[in-house]
Structure formats: structure tokens, C-alpha cells
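Trainee: I would like to go through the terms used for this protein. Please show me the model and let me ask about each label.

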Amino acid sequence: MENKYNHKTVEKNRNQKWLDKRFFYASTNPKKPFSIISPPPNVTGHLHLGHAWNIFIQDSLIRFHKLQGFDVLLLPCVDHAGIATQAKVEAFLAEKNISKFDLGRQKFIEKCYEWKDQQYIKIKEQWNKLGIAFDYSKERFTLDSEAQVAVSNFFIKLWEKNLIYRGKRAINWDPKLQTALSNIEVINKPVNQKMYYLKYFLKDSSEFLTVATTRIETISSDVVLAVNPKDKRYLGFIGKEVIHPLTKKIIKIIGDSNVSQDFGSGVMKVSAHSILDFEILEKNGLSAEDCIDDYGNLNKNTLEFEGKNRFEARDLIAKKLENEGLLIKVEDVVSNVGFSQRSGEIVEILKKPQWFVKMDELSQSLISHLNSKDKILFYPRGFEKNLRKWFDKIHDWTISRQLWWGHRIPVWYKNDEFKVQITSPGQGWVQDPDVLDTWFSSGISAFSFLGWPNNSELIKSYFPTSLLVTGWDILFFWVARMYFSSLFVMDKKPFEKVLLHGLIRDEEGRKMSKSLGNGIDPMEIIEKYGSDSLRQMLLFNSSPGKDIRFSVEKLNSAWNLSNKLWNIAKYIKSLDNSYRKPDFIDFWMEGKIYDFKKQIVKNIKKYNFSVIGTEINNFIFGDFSSRYIELIKTRQNGFYARKLLKSVLIILHPFMPFLTDFLMEEIFDEEILEQKMPRVRQFSDNQKVENILEIIDSLRSYRENLQISKKIMLEFCVIDAEFQKEEIDITSKFVFGKWVPNNEFIIKTKNFKISLKIPDEVKKAQEENDKKEIEFLKSEILRAETLLSNQKFVEKAPKEKVELEREKLKKFKEKLDFYQKK
């Protein structure tokens, strides 16, 4: 073995070996299944740090359960990412002066598949460098042939239950990508805007109502003015008519409870291009004509402003109204504006014919299931509450998209007829040109990726899956949709548990993004530090639901941990391996491994990876290296140490798979993934080693505190305690000391009185230290007595805290008594 840990040597070809040996091939007849369907990354680019974090969590859990004897399945998949992929391919073609219309639909889709194949090769290369335990024999793509059958079947099932309909409703529209968006694909952001205050004169009157709006460009489509019926300022105006300031048409004033009395003047112009406006119009049996087209430009209904961009038109319309004395004032305000999550474009509200999923019944089924004992368990638990709140205000789901890349809607038209079915009904029938929302297909992945509807083998074995690991930011996009879709189709929950993690932020706490230029390529980190170091940095700072900060310092700490394990293994390998019975030191170490394993198992069940990281670091640097390795250096035999090292490697494997696999192969000539989680014993009599360590630590500490040269041999003994020669010899060697019975200078430790023979000048220094210790003990006794004499504290504080204070007081008094007698 090399003197220093070299991640490139350790990790080279190791993942390929795992694949070749099919260590993670999932049985179709598992006795004890543990399954995860991995969230599919989009086929639009490289994996980022967030992907690495997410997949490391899954992989570590899969490896842990495999070592626990489970039949595991980690199913790899990628998402066709409809809007995002089409935009990428169109941009790629545009560089060659080719548009999708030049190619036609079929050839454009072929180009998209070519793009997908190229990107998937890159993604698989990255997965391999990360070292992910995928079963590639079951890999899936959200637009593969099986998925197309499943998605169409799902659509038809919803249609047959009257849960899908086509209607002309107000929808979110992306003018850049030219497609509809669902509500959760719209991100609201605060934007600096202008609030225009306009005069709407009452018919046949010099009196006017003031209307405040940030969307003056929609004024041409005004149908009515609306006020809240509870707003006393305007009760007398309901039913009257006003003259429209731009079109000069006569429009009515109506009352509607949806109008906010606090916004602007409390008078609302009701027009096209607002969801709320459409709801008010629908409720009152009214309709409005659009004044903005698909590209965000004003249309023929806007008089001389036709063809102007919607934002450019604002100032032009305001100027016209100002010239006519109809603009009262303009204020600078900050208000929320909807942006397309996909393109970053400001969303427009348009009334268009689209396909929708009725959400009332589906949301009720999900809430009912959440109220049952069979509900999905969320980690952290608080996200269940978030899910409930979202379904309280659910809207029907817009599922049609005006794209070419995606699942075609299984609806066929001929003249005034239409049929809902997968294949063409015959000659003259034309399929709906739209595709389905990406989340419609990924929403059924929990069961469709396992073979539904045509193959039930994996479903019988692994459904519901054991766990979903994903970011909290797609709780509503994906998790919720898988939940109600699975209940609808399978009459079962999609998975037993959901582990939600947060976002990765940079060292300054900022979200990583292209615009900030603070993104980090995980492959670059692996090149410099290795996959195991990246895994540890991400995992060991991970708690359910919490964000983490990227840190080079944490990466260095992770590398140091691997290097420490490397040095430990290298030393044990160098020792004589001839048979030797274990001694009390070996048994003590095995007991420590027992405790260590217990903590790992306990915390992995709660997904407390940050606690696991602390346990691993404390164990490797503390008990294993600083204690056990130092202690066995006195005997130069590594027979039992190898046995213990093997157990440690297996326990650590889920968290540092490359290194532990390498060491198992190098030292034991065995495959770590053919092992089972070790059975280690806990011994009742471990106190002997603890006693030795207590005395060694105390003597080393006092040598340092009293500044006694390491060249001076300490003459010591332990009063009122029996120590065997073996224990004395080990202690003497580690402290450079000699057992000399004496009663000269007493050190009080937790369990012992150690007597030291020390030089006169050191005695004086110790006497000063004793005085300080006595003063400290007196102050602590006074503090504890004052606290315990406070009746309110005794009655209201937790019993454990009161008992702890009493125990402290007792110890302080005993120690003070010792020093005063000394």
C-alpha cells in the first residue's frame, strides 16, 4: 500500500467491477425487499452538486440495506423534460440556421432522441464516477415505449372516470416557449412596477371613480368595474355605468366579494389576462376578449397600440390617457409578478382551450389517505402539513403543452367528433397536436417504472417502494402527483416514506445558480478529492429538510478521514498475522465497535447523516486510531486487529464505498459487497482498558499542565486500587513512567487517586493550581446550592436537570473535601 491515501488509485475501475459482478442486480423474487426509484434528472445537461447529494443519500441507504441482508433495488431513470429539452434542441438547431418547422415534427423528435442519447451517456459516466449502486438492467426513460403506453393508459383511466376534460379557461402562458404552464410552474417574484391611477367617469356625470392598476396594457379588454359589496365607500355605485377611458364604451359597476378593499382605491377593473378577473367574469356570466396575443404583443382589440409589446405599451397608453386628463398619478410600487420556471419569462394569462385534470376528487383521496394509519411518513414530519395546506387551495391541473417533444395526448379528431384512445381510429382521424405536461408522466413513475400496466413482476416484488429521496422544492411538482396518481391507479401509496432534503448553498449561504456563477461541477471535485470525500462532505452535513453549505474546509476534513482510515489499515496490514488469542484490549475495542455500529443503525433509520458523520469521525480518530492502534503497538501482533478492521470496513462501506472496497480487497482478498453487516460482541468487563486510559490521560495532562519535560520519567502509583503488572507496564510505557509506591503528591481523577513524586519547583506550581481549583469548587458549590434552594427551580425545572445539579453538588463537595485534606 502507498504511504498516503490516493483516491485515484483507490477509485479506478472500481464502479465498473461492481457493475460487472452485478452486485446490485435486483432479484425478481426478493425475500426481504428494499427499493428506491431514483428521481430522474433531466436529459438537458450535466449533473450538479444537488444531484450528487440526492443520489449519494440513496446509494448509501441501498448499500447499508444490502449489507443488512435486504434484496435491494435502486432503479436508474432520466426525464425527457419536455419544455427544457425542446428549448435546448431548438437552440442547438438555430446555431445551424435550422428551425423545427424546417425539419417537421417527426424529424425534430428524432433530433430530440439523439440529444437524449448523447446526454444520457454523459449522465451515466457521471453516475459511474460517483459510484452509484444502480441496477442498469431495469433503467427507464420517461419517454421510452413502455412509458408511452403507461401514460396513455393513465390518461384514458382518468378520462373514463370523468377526471379529465377539455375547456377554454384562463391559463398561465409562456410567451417565450409558446406553451401553457401549470400553476406550480409559475414562480412569483417581487418586481418594481408603476401603479397607474385612472379616471372612469360615471355616465352622464362629472363624477368619476379612481381605478388603480399595474397592468394598464390590458385596459382595452375591460368588461366591468368591480367593488366589494362590503366596502361602504362604493355601495351606492353598484349597478351604475361608467365611460371607459380608452375605448369610450359604456361598462357597468358590479359587486364582488373577491375584490380587495385595501388594494389601490378599492375599485377593480375586470378584464382579460388575470385569473381573478376571469373568475369574477365567470361568476357573473360575463366574458372578455383578449387584448394580448400569444407572443406578449397587443392585438387588434387595442386600437392604435396593436403590435406593441405589452410592457412597451404601458407608457404609451399612460401618455395618451394623461394627455386626455384621465391619468391622475403614477406611483412606484413593488408587487409580485409570475415568472415561468422553465424560461424565466413573465407569464401571461390567456384564455385558451386546454386539457385539465379535475383535482377535487384526487385531492380528497390523498387527504383521506394522509388521515389513515397507512399514510406515507415524511421526514421531516412538518412537510406533511405543507402538503395538506397546498391541497386546501388546489386548482385544476393544466396538463396540455404546446410542444412537439413529449407524450402525445391520446385524443383523435375528425370533423366535429373526437375519440380518446391510444391508436388511430382509422383514416381521416388526426391526433391532438399537444403533448402532456412532463409531471403527468413522471407522476406515475412509482409504478409505471416497475412495469405497469403490462408487466407486474417488479410491482409484486417492490411496490410500494421503500423510500423516495428528493428535494423539498419538488414536493408539490412531483411527490404530491405520485401520491394521488398511485392511489387512483393502484389503490396503494407509491412509497412507504419520503425523505426530503434542502438545497446546496455556497460558502456565503447563497443558492447556487448559473446567474450568480457560483455553481460547482461535482466531477471537478472528484478529480481533486475523490468521490468518497465528496460523498462524506455532502452526507455528513445533511439533516432532513435542511439546506447545506458547500465548504472546501469540509472537503479537506473528509479527505483527512479517508487518509486516517488508510493509515490505520496500512499499519494493521503490516503487523504479524499469526494466530494469537485476543486480549482484554481487543475485547474492549470490539465493545467500542458494537457501540459504534449501534449508533450508525439508530441514526440511519432517522436519516440523521450529520450525526452519523460525527460518530464516524469520533470513532476513527478517537477510539480506533488514538486508542486501540496506540495500545496494540506494544505487542506487534495484528491477528485480532484484522478481524476488527474487517468489521469496521463493512460498517463504514455505505459512507466511503470506494476506499472500504479497496481495503477489503487489498488486505483480505474478499469482496465487501459479498459480506453481511458484522455481528460484534459487547463485553461486560471493559473497565480495565478504561482505567488504563484514564490514568494515561491524567498523567499526560498533568505532565503538560505542570510543564514537566518529556525526558523526565514520571514516578507514580495509584492509591487504594489494584493494578496487574500488564496494566502497569502498558501505562508506564505510554507515559514514560515508572510505578513507584509513594504518598507524596496526589492527583484526583474521576475514579482514582494517583500519587506522583515530582520535583520541588513543580510542587509549588501544583500547590498554586490546587488553590485555584479549591476556589473554583467553592464558587460552583455556592452556585449549585443557591440554585437548589430556589423552590421555583426545583418545582418547575425538568426532574433530570434538578437531579443533575444535585449530583454535581455532591461531586463538587467530595472533590473539595479531597483537596482540603490533601
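Mentor: The questions below take up domains, strands, helices and a sheet in turn. Keep in mind that this is a predicted model.

Trainee: What makes up domain 1 in the domain assignment?

Mentor: Three segments do: 31-162, 361-471 and 487-501. The assignment places domain 2 at 179-349. Domain 4 covers 687-758. The centres of domain 1 and domain 4 are 66 Å apart, taken over C-alpha atoms.

Trainee: Why is strand β14 called mostly covered?

Mentor: Buried means under 20% relative accessible area. In β14, residues 348-357, 8 of 10 residues are buried.

Trainee: How do you know that β14 pairs with β5?

Mentor: Pairing takes at least two bridges. β5, residues 164-174, is joined to β14 by 10 bridges, and the two run antiparallel. One bridge links Y165 to F356 of β14.

Trainee: What makes β14 and β16 a pair?

Mentor: The cut-off is at least two bridges, and 2 bridges join β14 to β16, residues 397-398. The pairing is antiparallel. Here F356 has T398 of β16 as its bridge partner.

Trainee: Why are helices α18 and α20 called roughly parallel?

Mentor: Look at the angle. α18 (552-574) and α20 (609-632) pack at about 25°, with axes 11 Å apart. Angles under 35 degrees count as roughly parallel, so α18 is roughly parallel to α20. Their crossing is left-handed.

Trainee: Which residues make that contact?

Mentor: From α18, they include L561, L565 and I568. From α20, F621, F624 and I629 are among them.

Trainee: What makes β27 and β28 the edges of their sheet?

Mentor: The open sheet has 4 strands in the order β27-β26-β29-β28, with mixed pairing. β27 (737-739) and β28 (745-748) each have a single partner strand, so one side of each lacks a neighbour in the sheet. On average, neighbouring strands are turned by 35° against each other, direction ignored.

Trainee: How do you know that β28 pairs with β29?

Mentor: Again, the cut-off is at least two bridges. β28 and β29, residues 753-757, share 4 and run antiparallel. K748 has K753 of β29 as its bridge partner.

Trainee: What shows that helix α24 packs on this sheet?

Mentor: Contact means heavy atoms within 4.5 Å. α24, residues 725-735, touches β26 (714-719) and β27. The directions of α24 and β27 make about 150°. Angles over 145 degrees count as roughly antiparallel, so that label fits α24 and β27.

Notes
Residues numbered from 1 in each chain as written. Predicted model: local features only at pLDDT ≥ 70, side-chain atom pairs only at ≥ 80, totals over all residues. Heavy atoms only, no water. Domains from an automatic or database assignment. Buried < 20%, exposed > 50% of the residue type's maximum accessible area, 1.4 Å probe, protein only. Axes fitted to C-alpha atoms, helices over the stretch in contact; angles between N-to-C directions. Parallel < 35°, antiparallel > 145°, perpendicular 65-115°, else oblique. Left-handed = near helix turned anticlockwise from the far one by under 90°.
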